[in-house]
Amino acid sequence: MLAALLLATELAAQTPVVPPGRDLATGVYLQPGGFEQGRGPDGNTIIFDAPDGLVVVDTGRHVWHSDAILAYARERDRPIAAILNTHWHLDHSSGNGRLKAVYPNVHVYTTSAIDRVIAPGGFLTRNLEDARGMLGQEMPAVQQEEVQIFLDTMTHPEVLRPDVVLDRSQRMRLAGRRFDVHVTNGAVTDADVWLYDRRTRIAAIGDLVTFPAPFSKPHVRSVGARRSTKCGRHRFALQSPVTVSR
Ligand SMILES: [Zn+2]
């Protein structure tokens with residue numbers, strides 16, 4: 001009993017504190033991701049207010065990140081109406097299932113690039129085999145948690161797939177709010193999405209720019225820039241999971 005309590009305390013102490021979110025503009029909220037030592041990163045999440053509810057751009061990896069998104073929706077008393085994944089990397093999409101569990105009617109908008117990596121022999125399928133092989137091995141608790149998060153996500157890979165396939169750039173409504181949605185082939189993944197909100201002049205661009213670099217004039221802000229991080233099979237210096245430019 002005591003051992004269990006001690007273990008619980010230890011685990012609780014390991015749960016990272018979620019970086020506080022903030023408004024980037026009226027109706028646009030940033031939930032920054034985190035990058036704890038020994039853990040995979042969480043990409044930043046951008047949440048837009050839309051007539052039919054909230055549009056969530058990327059959903060992070062860890063439970064505490066998706067919990068922060070859900071807490072924001074509750075606090076605002078607004079439903080999550082749409083999820084857009086800029087790309088399939090799991091620090092941007094693992095929270096899909098947790099958001100869908102609470103808002104079952106939410107649609108995921110992304111490209112079909114995910115289909116190739118969860119197909120037999122695909123990148124994530126191969127990683128899954130490796131992760132299963134790691135299960136029986138001794139490893140630090142944090143690493144074990146990270147492996148388990150990946151296995152949990154891959155138990156339901158369908159939540160990573162698009163309900164609405166984005167296969168071309170277009171001006172379109174998400175939850176009733178108009179965005180310029182751009183599909184970029186051969187970028188960080190086979191096909192990445194970024195979107196531009198004319199009203200606030202904010203672009204949510206996933207991993208397309210991963211360090212503070214000129215994207216558009218006159219102002220560029222890189223949110224949550226990091227010196228070094230790993231995202232899927234890529235390693236970047238100064239990666240910013242979602243860079244915001246306005
Ligand atoms: Zn990525």
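**View 1. Asp58 in the loop between two elements.** In this predicted model, Asp58 is found in the loop that lies between β4 and α2. The phi angle of Asp58 is near 75°, which is a positive value in a residue other than glycine. Is Asp58 buried or exposed? Since a residue is called buried if 20 or more other C-beta atoms lie within 10 Å of its own, Asp58 is buried, because 33 other C-beta atoms are found within 10 Å.

**View 2. Asp77 in the loop between α2 and β5.** Asp77 is not a glycine, and yet this residue has a positive phi of about 55°. With 6 C-beta neighbours inside 10 Å, Asp77 counts as exposed, because the cut-off for an exposed residue is 12 or fewer such neighbours.

**View 3. The open sheet and its edges.** Seven strands form an open sheet in the order β1-β2-β3-β4-β5-β6-β7, and the pairing within this sheet is mixed. Which strands stand at the edges? They are β1, covering residues 22–25, and β7, covering residues 164–165; each has a single partner strand, so one side of each is left without a neighbour in the sheet. At the β1 edge, β1 and β2 run antiparallel and are joined by three bridges, and Asp23 has Tyr29, in β2, as its bridge partner.

**View 4. Helix α2 against the sheet.** The helix α2 packs on the sheet, where it touches β2, β3, β4 and β5. The direction of α2 makes about 150° with the direction of β2.

**View 5. The largest nonpolar core and a separate one.** The largest nonpolar core of the model has 33 residues, and those with the most contacts inside it are Val55, Val56, Ala82, Ile83, Leu84 and Ala204. Several elements each give two or more residues to this core, including the helix α2 (63–76) and the strands β4 (53–57), β10 (191–197) and β11 (202–204). The largest share of this core, five residues, comes from β5. Apart from this core lies another one, of eight residues, among them Trp88, Ala113, Val159 and Ala191.

**View 6. Ile83 and the residues that it touches.** Which residues does Ile83 touch, not counting those up to four places away in sequence? They are Val56, Thr59, Asn96, Leu99, Val106, Val108 and Tyr109. Both Ile83 and Val56 are listed among the residues with the most contacts inside the largest nonpolar core.

Conventions:
Residues numbered from 1 in each chain as written. Predicted model: local features only at pLDDT ≥ 70, side-chain atom pairs only at ≥ 80, totals over all residues. Core = buried A, V, L, I, M, F, W, Y, C linked by C-beta atoms within 7 Å. Helix = DSSP H or I, 4+ residues; strand = E, 2+ residues; numbered from the N terminus. Contact = placed C-beta atoms within 7 Å. Pairing = 2+ DSSP bridges. Axes fitted to C-alpha atoms, helices over the stretch in contact; angles between N-to-C directions.
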